[in-house]
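This report examines selected side-chain interactions in one protein model. It covers charged pairs, aromatic rings, one serine and the cysteines.

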Amino acid sequence: MIKFNYALCHKITILGAVTLASALLITGCKKSPEKIDLSSTHTTEAETMAATTKAPVETTVAATDPVGTTAAEPEPSSGSKNISTKINTYSSGKVSIAYPSVVNLPDAEKTAALDALLKKNALSVLDAWDIEEAEDSLSISCQVLSADRNRITAVYTGSYTAKGAAYPTNVMYSNTVDVANVSDIGFDHFADPYTMAGYVLSGDCTFYQASESQKAQLMNVKNETSLEAYTQMFTNADFPLAGDFPESFSYENQGVIYFSIPVPHALGDYAIVMFAPDSK
């Protein structure tokens, strides 16, 4: 900044004073352009891939934060604990399946591997259930419960109606991925299958998001399956697939373990059991 000496200012000529004042006025009028906030462009613009009439359509929506709500894409940071995800949608015929992909993991190679694993698992129902995309109806939504540099946990829910079926079947499956190893985390990582089988058959069994009338019926229905059958079911739960599509899927959220069991259609086709280790 120019600092004026008062005595010196009196000695300069009128012309010099005018010239100096004009220069200062011109200089003072120059401002740096305001920084434009582009974050909204990441959250409002969906990237959609063009497709032919017969080809599946892959649609990408805005980035999401670890609990599945819309958020601006953060800049990659090696010191950041959380990572972000975005929801993509596979569409073909009467089939629509949402699935996540990673947004801001600095390792591009690992990002690609994680994206491939998440997509493969989400779409695995197509082959597992022999879905005819032009005839069968399948609509699956995805909620990312958590995403950090250790794990990504996604829960899929929706409905499936086979051609000619009298009614739709409610669908639920989940996928927990080990980010560092790019691998699936299964039931036995959260709890012992035999112990959880005993818990389901006990009077302490707690059902998640079930009405009081549903709980009363579920407490009876659950006991129609044996300890051995539940143990086998939980042993074979979750991804990676090892044959038939699992009857049970599990995940952990904020220290509580959740896992599904099959129930009659009148009770919703599946029920979610919740187990809080600290309270037992």
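## Side-chain interactions in the predicted model

Lys215 and Glu212 are joined by a salt bridge, with 3.5 Å between the closest N and O atoms. The structure discussed here is a predicted model. Both residues belong to helix H8 (residues 212-221), where a spacing of three residues places them about one turn of the helix apart. Lys215 is partly exposed, its relative accessible area being 28%, whereas Glu212 is exposed at 61%.

The whole structure contains three salt bridges. Another of them joins the side chains of Lys163 and Glu135, at 3.6 Å from N to O. This pair connects distant parts of the chain, 28 residues apart: Lys163 sits in the loop between strand E6 (151-161) and strand E7 (169-178), and Glu135 in the loop between helix H5 (125-128) and strand E5 (137-147). Lys163 is exposed, with a relative accessible area of 60%, while Glu135 is partly exposed at 36%.

A salt bridge is also formed by the side chains of Arg151 and Glu252, again with an N to O distance of 3.6 Å. Because Arg151 lies in strand E6 and Glu252 in strand E10, the pair ties together parts that are 101 residues apart in sequence. Arg151 has a relative accessible area of 26% and is partly exposed; Glu252 is partly exposed as well, at 23%.

The distances are collected below.

| Salt bridge | N to O distance |
|---|---|
| Lys215 and Glu212 | 3.5 Å |
| Lys163 and Glu135 | 3.6 Å |
| Arg151 and Glu252 | 3.6 Å |

### Aromatic pairs

How many aromatic pairs does a search of the whole structure find? The search returns 16. One of these is the stacked pair of Phe187 and Phe234, whose ring centres are 4.9 Å apart and whose planes differ by 5 degrees. Phe187 lies in helix H6 (residues 187-190) and Phe234 in helix H9, so that distant parts of the chain, 47 residues apart, are linked. Both Phe187 and Phe234 are buried.

Phe234 also stacks with Tyr230, at 5.7 Å centre to centre and 20 degrees between the planes. Tyr230 and Phe234 are four residues apart in helix H9, which means that about one helical turn separates them. Tyr230 is buried, as is Phe234.

In addition, ring pairs connect Trp129, Tyr156, Tyr160, Tyr173, Phe239, Phe245 and Phe249 into a cluster.

### Ser248 and its surroundings

Ser248 is located in the loop between helix H9 (227-235) and strand E10 (250-253). Is this residue, Ser248, buried or exposed? Ser248 is buried, because its relative accessible area is 0% and the limit for a buried residue is under 20%. A polar atom of the Ser248 side chain lies 2.6 Å from the backbone oxygen of Ser260. Beyond neighbours within four places in sequence, Ser248 is in contact with Met233, Phe234, Ala237, Asp238, Phe259 and Ser260. Phe234 thus appears both in this list of contacts and in the stacked pairs with Phe187 and Tyr230.

### Cysteines

A disulfide is a covalent bond between the sulfur atoms of two cysteines. The count of disulfides in this model is zero. Cys142 is buried, with a relative accessibility of 15%, and Cys205 is buried at 6%.

Technical notes. Residues are numbered from 1 along each chain as its sequence is written. This is a predicted model: local features need pLDDT of at least 70, side-chain atom pairs count only at pLDDT 80 or more; totals for chains, interfaces and linings use all residues. Side-chain values use heavy atoms; hydrogens and water are left out. Helices (H or I, at least four residues) and strands (E, at least two) are DSSP runs, numbered from the N terminus. Buried means under 20% relative accessible area, exposed over 50%, partly exposed in between (1.4 Å probe, protein chains only). A polar contact is a pair of N or O atoms within 3.5 Å; within protein, one must be able to donate a hydrogen and the other to accept it, and residues adjacent in sequence count only if both atoms are side-chain atoms. Contact means heavy atoms within 4.5 Å. A disulfide is a pair of cysteine sulfur atoms within 2.5 Å. A salt bridge is a side-chain nitrogen of Lys or Arg within 4 Å of a carboxyl oxygen of Asp or Glu. Rings of Phe, Tyr and Trp (its six-membered ring) pair if their centres lie within 6.5 Å; planes under 30 degrees apart count as stacked, over 60 as edge-to-face and the rest as tilted.
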